[in-house]
Structures are given as C-alpha cells and as structure tokens.
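Please work through the following exercises with the sequence and the model at hand. Attempt each task before reading its solution.

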Amino acid sequence: MPNIKSAIKRVKQTEKRTARNRVRKERLKQTLKAFNRAVVAGEEVQAGELFKKASNLVDKAGNKGLMHKNAVNRKKSQLAMKLNSISA
C-alpha cells in the first residue's frame with residue numbers, strides 16, 4: 001500500500017474503475033451470448049431485439065475505452081452478418 005496521498009487516491013480510483021469495467025464487460029458478454037443463442041435457435045424477433053441491445057452495449061464499450069474503435073466496428077459487423085444469416 002502506498003504512503004503518498006496521491007498514490008493512495010490513485011489506488012482507490014483504479015479499484016473503482018476496475019469494478020465498473022468488470023460489470024460492463026460481463027454485461028456485454030452475457031448479451032452477446034444471448035444473441036448468439038437466439039441466432040442458433042433461429043429466433044428472428046428475439047435476435048433482432050438482442051442485436052439492438054448488443055450493438056448499443058458495444059458502442060458504449062468503445063466510448064468508455066473497454067474496446068478499441070476498430071474492434072467495435074468489427075464486432076458490430078459480425079453481429080449484423082449473423083442477424084442477416086437467419087433472416088435470409
């Protein structure tokens with residue numbers, strides 16, 4: 001544990017951010033898994049709703065620095081292709 005006041009503050013900030021990021025990442029993973037299950041099951045309506053939710057969470061992850069902007073675009077493209085594969 002650091003002795004300097006600013007270093008102590010940094011440790012607290014890092015712990016808060018880590019906890020917040022962990023929650024956001026887990027929520028994103030759960031939504032993506034639910035979307036993939038809906039696509040495999042062939043449920044177009046549910047997959048469409050989950051696509052909107054997942055793409056929104058992916059965008060937020062990019063804005064918050066959890067994902068690189070190119071990774072965000074790649075993931076959204078992959079999701080759209082999966083959604084189009086069941087509707088075609």
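The exercises below treat the helices, their packing and a few chosen residues.

The model is predicted: local features need pLDDT of at least 70, side-chain atom pairs count only at pLDDT 80 or more, and totals for chains, interfaces and linings use all residues. Residues are numbered from 1 along each chain as its sequence is written, and side-chain values use heavy atoms, with hydrogens and water left out.

**Exercise 1. Helix lengths**

Task: Compare the span of helix H1 with the span expected at 1.5 Å a residue, and do likewise for helix H2.

Solution.
Step 1. Helices are DSSP runs (H or I, at least four residues), numbered from the N terminus. The expected span of a helix is 1.5 Å times one less than its number of residues.
Step 2. H1 has 37 residues, so its span should be 54 Å, and its end C-alpha atoms are indeed 54 Å apart.
Step 3. H2, residues 44-64, has 21 residues; from its first C-alpha to its last it reaches 30 Å, close to the expected 30 Å.
Step 4. Inspect the residue that comes just after each helix. Gly42, just after H1, takes a positive phi of about 80 degrees. Gly65, just after H2, takes a positive phi of about 90 degrees.

**Exercise 2. The packing of H1 and H2**

Task: State how H1 and H2 are oriented to each other, and list the residues through which they meet.

Solution.
Step 1. Two packed helices are described by the angle between their axes and the distance between the axes. Axes are lines fitted to C-alpha atoms, for helices over the stretch in contact, and angles run from 0 to 180 degrees between N-to-C directions.
Step 2. The axes of H1 and H2 come within 9 Å and cross at roughly 155 degrees.
Step 3. Angles under 35 degrees count as roughly parallel, over 145 as roughly antiparallel, 65 to 115 as roughly perpendicular and the rest as oblique. H1 and H2 are therefore roughly antiparallel.
Step 4. Their crossing is left-handed, a term used if the near helix is turned anticlockwise from the far one by less than a right angle (right-handed if clockwise).
Step 5. Contact means heavy atoms within 4.5 Å. On the H1 side, the residues are Arg24, Arg27, Leu28, Thr31, Leu32, Ala34, Phe35, Ala38 and Val39. On the H2 side, they are Gln46, Ala47, Leu50, Phe51, Lys53, Ala54, Leu57, Val58, Ala61 and Lys64.
Step 6. By class, this contact of H1 with H2 has 13 nonpolar, 2 polar and 4 charged residues. Here Ala, Val, Leu, Ile, Met, Phe, Trp, Tyr, Cys and Pro count as nonpolar, Asp, Glu, Lys and Arg as charged, and the others, Gly among them, as polar.

**Exercise 3. The place of H3**

Task: Determine how H3 lies relative to H1 and relative to H2.

Solution.
Step 1. The axes of H1 (residues 5-41) and H3 (residues 69-87) come within 10 Å and cross at roughly 25 degrees. That makes H1 roughly parallel to H3.
Step 2. Leu32, Phe35, Asn36 and Val39 of H1 make the contact with Lys75, Leu79, Lys82, Leu83 and Ile86 of H3. Among the residues of this contact, 6 are nonpolar, 1 is polar and 2 are charged.
Step 3. H2 and H3 pack at about 175 degrees, with their axes 10 Å apart. H2 is thus roughly antiparallel to H3.
Step 4. Residues of H2 in this contact include Phe51, Ser55 and Val58, and those of H3 include Lys76, Leu79 and Leu83.

**Exercise 4. Buried or exposed?**

Task: Classify Thr31, Ser55, Lys12 and Ala7 as buried, partly exposed or exposed.

Solution.
Step 1. Buried means under 20% relative accessible area, exposed over 50%, and partly exposed in between (1.4 Å probe, protein chains only).
Step 2. Thr31 has a relative accessible area of 6%, so Thr31 is buried. Leaving aside neighbours within four places in sequence, Thr31 is in contact with Leu50, Lys53, Ala54 and Leu57.
Step 3. Ser55, at 14% relative accessibility, counts as buried. With neighbours within four places in sequence left aside, Ser55 is in contact with Lys76 and Leu79.
Step 4. Lys12, found in H1, has a relative accessible area of 51% and is exposed.
Step 5. Ala7, also found in H1, is partly exposed at 26%.

Conventions. Helix = DSSP H or I, 4+ residues; strand = E, 2+ residues; numbered from the N terminus.
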